[in-house]
Amino acid sequence: MTLVCRFAPSPNGYLHLGHALSAIEGFETAHRHGGRFLVRIEDIDTARSRDAYVAAIFEDLAWLGLTWETPVMRQSEHFGRYCELASRLKAMGVLYPCFATRAEISAAAADNPAERDPDGAPLYSGLYKYLTASEIARRCECGENYALRIDMEKALEVMRHKLNGEPLTFVEVNPSGEPEIIACRPEIWGDAIIVRKDTPTSYHLAVVADDALQGITLVTRGRDLFQATGLQRLLQVLLELPVPKYVHHRLLMGEDGRKLAKSAGDTSLRELRANGVTAMDIKKALQLV
């Protein structure tokens, strides 16, 4: 089987060193094994995505010496597919509408502040989970917007049936190249949002749909997404999608000990290049040469 890797940035800011590490890891892994390397633009957040950032992504990757297949997939062109997959989940009875606002969720979480998902967000307490069909219809007629959440208990029941009672796992390829079987615990996410109020998908649904569509066989991404793999594996089982292997590489941390992030204004590759830093300097800094 041909190895297929991908780098999937969001065009809501300029790439930084952490992105460079992830992109180079995927590119070099693919080429080391005679495989394919794809770039995917994860622009489901249309309000924050900018074409200027898309152009900058391509410019930065080319400066790093990377090449990729074209045309490049953009998530915003595949909303119909995400809606189709969400409809399949609804037909299974594992999604339900959630009308709760962020303020309501935060207020409900105040009684149990320790109950958080792996991203640090409050676990959903079940507001609006048990509305009657007539109440749901009334709210929709009034124009109330809603997200679709996964009913984790029901989803796990369906998963166990599909797996014939076998545990949910994924294959993690360790730094030495050896595969390790990792047990998943999607329940730590609670009733996670699968379709957002403002977008006909979520990151978790879109990424499993896209990896399947593009035939990705090895997902290379940061360690911060390790726990997300459990929820994504659950969706893969429910939707009967192919399962890639995974590499969750080390994270780059700032001097203050936090992960590098666009939102925090960490130095971009664009700025480094303008200051005379070379692509080889970047690879040396990342300990890749």
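Colleague: Where does Q287 lie, and why does Q287 count as exposed or buried?

Modeller: In this predicted model, Q287 lies in the segment after α10 (279–285). Its relative accessibility is 65%, and the term exposed applies over 50%. Q287 therefore counts as exposed.

Colleague: What makes the backbone of Q287 notable in its phi?

Modeller: The phi of Q287 is near 60°, which is a positive value in a residue other than glycine. Y128 is also a residue that is not a glycine, and its phi is positive at about 65°. Y128 is placed in the loop between α4 (102–109) and α5.

Colleague: Which residue that touches Y128 lies in helix α5, and why does R139 count as buried or exposed?

Modeller: That residue is R139, which lies in helix α5 (residues 133–141). R139 has 12% relative accessibility, and buried means under 20%. R139 therefore counts as buried. Setting aside residues up to four places away in sequence, R139 touches F99, Y128, L131 and E144.

Colleague: I136 is also placed in helix α5. Why is I136 called partly exposed?

Modeller: The relative accessibility of I136 is 22%. Buried requires a value under 20% and exposed a value over 50%, with partly exposed in between. I136 therefore counts as partly exposed. Apart from neighbours within four places in sequence, I136 is in contact with P97, F99 and L131. The C-alpha atoms of I136 and Y146 are separated by 9.9 Å, and these residues are 10 apart along the chain.

Colleague: How do you know that the length of helix α8 agrees with its number of residues?

Modeller: α8 has 12 residues, and at 1.5 Å a residue they should span 16 Å. The end C-alpha atoms of α8 are 17 Å apart, which agrees.

Colleague: What makes α8 a mostly covered helix?

Modeller: Of its 12 residues, 12 are buried. Among them are Q232, R233 and Q236, together with L231, L234, L235, V237, L238 and L239. After α8 comes E240, with a positive phi near 55°.

Colleague: Which helix packs with α8 at an angle of about 60°, and why is the pair called oblique?

Modeller: The partner is helix α6 (residues 152–162), which packs with helix α8 (residues 228–239), their axes being 9 Å apart. An angle of about 60° is not under 35 degrees, not over 145 and not within 65 to 115. α6 and α8 are therefore oblique to each other. Their crossing is left-handed. From α6 the contact involves M152, A155, L156, V158, M159 and K162, and from α8 it involves L231, L234, V237 and L238. By class, this contact of α6 with α8 has 9 nonpolar, no polar and 1 charged residues.

Colleague: Why are α3 and α8 described as roughly perpendicular?

Modeller: The axes of helix α3 (residues 79–92) and α8 cross at roughly 80° and come within 10 Å. The range for roughly perpendicular is 65 to 115 degrees. α3 and α8 are therefore roughly perpendicular to each other. L85, R88, L89 and M92 of α3 make the contact with L235, L238 and L239 of α8. The classes in this contact of α3 with α8 are 6 nonpolar, no polar and 1 charged residues.

Colleague: Where does V243 lie, and why is V243 called partly exposed?

Modeller: V243 lies in the loop between α8 and β10 (245–249). Its relative accessibility is 45%, and partly exposed applies between 20% and 50%. V243 therefore counts as partly exposed. With its neighbours within four places in sequence left aside, V243 is in contact with R233 and Q236. V243 and T217 are 26 residues apart along the chain, and their C-alpha atoms are separated by 7.4 Å.

Colleague: How do you know that the span of helix α1 agrees with its number of residues?

Modeller: Helix α1 (residues 17–32) has 16 residues, which at 1.5 Å a residue should span 22 Å. Its end C-alpha atoms are 22 Å apart, which agrees. Buried residues in α1 include H19, L21, I24 and F27. Just after α1, G34 takes a positive phi of about 70°.

Colleague: What makes the peptide bond from T70 to P71 cis?

Modeller: The peptide bond from T70 to P71 is cis, with its omega near 0°. P71 is placed in the loop between α2 (51–63) and β3 (73–74).

Notes. Residues are numbered from 1 along each chain as its sequence is written. This is a predicted model: local features need pLDDT of at least 70, side-chain atom pairs count only at pLDDT 80 or more; totals for chains, interfaces and linings use all residues. Side-chain values use heavy atoms; hydrogens and water are left out. Helices (H or I, at least four residues) and strands (E, at least two) are DSSP runs, numbered from the N terminus. The expected span of a helix is 1.5 Å times one less than its number of residues. Buried means under 20% relative accessible area, exposed over 50%, partly exposed in between (1.4 Å probe, protein chains only). Axes are lines fitted to C-alpha atoms, for helices over the stretch in contact, and angles run from 0 to 180 degrees between N-to-C directions. A crossing is left-handed if the near helix is turned anticlockwise from the far one by less than a right angle, and right-handed if clockwise. Contact means heavy atoms within 4.5 Å. Ala, Val, Leu, Ile, Met, Phe, Trp, Tyr, Cys and Pro count as nonpolar, Asp, Glu, Lys and Arg as charged, and the others, Gly among them, as polar.
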